[in-house]
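Please look over the sequence and the three-dimensional model shown here before reading on. The briefing that follows moves from the protein as a whole to one of its sheets.

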Amino acid sequence: MIITASPIKECDKRIEVLTKERGRISAFARGARKPNCVLSACTVPFTFGKFTFYEGRNAYNLVSGEIDTYFEEITTDYEALCYASYFAEMVQYLAGEGMEAAEELLLMYVTMRALQHKLLPLPLVRVIFEMRLMMIEGEGLELFGCLRCGNKDAYNVYLSQGGLLCAKCAAKQGKYAGEYPIKLSADAKYTLQYILTSPLEKLYAFTVTDRVLKELQQFMKSYLARYLPHKFKTLDFIV
Ligand SMILES: [Zn+2]
């Protein structure tokens with residue numbers, strides 16, 4: 001999937017591509033800004049397909065592209081485009097270079113489809129995407145039971161510990177006393193569990209009440225502030 005494309009020289013593009021086999025790669029698409037160039041259509045952001053590269057000494061060069069899905073509706077819908085750009089920046093930041101990224105790629109694909117078909121409110125799409133991507137990148141939280149004893153009846157998330165602690169275990173471990181846990185409602189906890197375990201094809205097949213959505217947004221804010229302290233510039237366009 002094309003993640004970003006920026007103009008370079010007179011008529012070329014520099015592209016970032018998320019690939020199944022080699023993660024994120026940068027490449028040049030020569031002549032891609034000439035309207036009649038075969039590379040011009042397949043280097044539009046979020047285009048999903050099969051790409052062939054020539055591996056030069058210092059960079060990849062795009063030779064050809066076979067478009068599978070072109071998410072045109074996203075590029076013409078300003079709000080959806082802002083969210084898609086943020087998701088692209090986040091995956092670009094987190095996915096490694098030269099490492100397999102099949103999960104990230106599938107996540108991007110189903111997320112773009114959700115944006116294209118306007119399946120869910122955009123802020124909910126964002127919560128789902130962020131939560132699932134963090135898990136894929138190994139930064140997930142334990143939200144199924146207490147980290148110490150496995151008790152399922154735990155609702156307090158201690159970010160410093162990486163997940164839930166039941167009241168008993170938290171009391172025993174006095175050293176967390178200084179940390180205010182985030183108390184999840186049963187609905188929010190269940191939703192987060194669903195996001196962590198659902199098959200990717202069914203990830204965007206539910207919705208929540210406004211109250212739960214607000215709670216999830218607040219939760220993600222604290223979670224990402226601690227686990228992903230990075231300023232994404234595309235976030236400036238999301239209100
Ligand atoms: Zn416990």
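Of the 239 residues of this protein, 47% count as buried, and the model in which they are placed is a predicted one. Along its principal axes, the C-alpha atoms of the protein fill a box of roughly 65 × 40 × 30 Å.

**Overall make-up**
- The protein has eight helices and eight strands, which you can trace along the chain in the view above.
- When contacts between residues at least 6 apart in sequence are considered, 61% of them join residues that are at least 24 apart.

**Surface and charge**
- The area that the protein exposes comes to about 12600 Å², and carbon and sulfur atoms supply 53% of that area.
- The protein carries 29 positive and 27 negative charges, and the mean positions of these two groups are 4 Å apart.

**A three-stranded sheet**
- Three strands form an open sheet, in which the order is 7-6-8 and the pairing is antiparallel.
- The edge strands of this sheet are strand 7, covering residues 163-165, and strand 8, covering residues 182-183, and each of them pairs on one side only.
- Strand 6, made up of residues 156-158, is joined to strand 8 by two bridges, and these two strands run antiparallel.
- Which residue of strand 8 is the bridge partner of asparagine 156? The partner of asparagine 156 in that strand is lysine 183.

Technical notes: Residues are numbered from 1 along each chain as its sequence is written. This is a predicted model: local features need pLDDT of at least 70, side-chain atom pairs count only at pLDDT 80 or more; totals for chains, interfaces and linings use all residues. Side-chain values use heavy atoms; hydrogens and water are left out. Helices (H or I, at least four residues) and strands (E, at least two) are DSSP runs, numbered from the N terminus. Buried means under 20% relative accessible area, exposed over 50%, partly exposed in between (1.4 Å probe, protein chains only). Contact means heavy atoms within 4.5 Å. Accessible areas come from the Shrake-Rupley method with a 1.4 Å probe; for residues, only the protein chains shown count as cover. Lys and Arg count as positive and Asp and Glu as negative; His and the chain ends are not counted. The place of a charge is taken as NZ of Lys, CZ of Arg, CG of Asp or CD of Glu. Two strands pair if DSSP finds at least two bridges between them.
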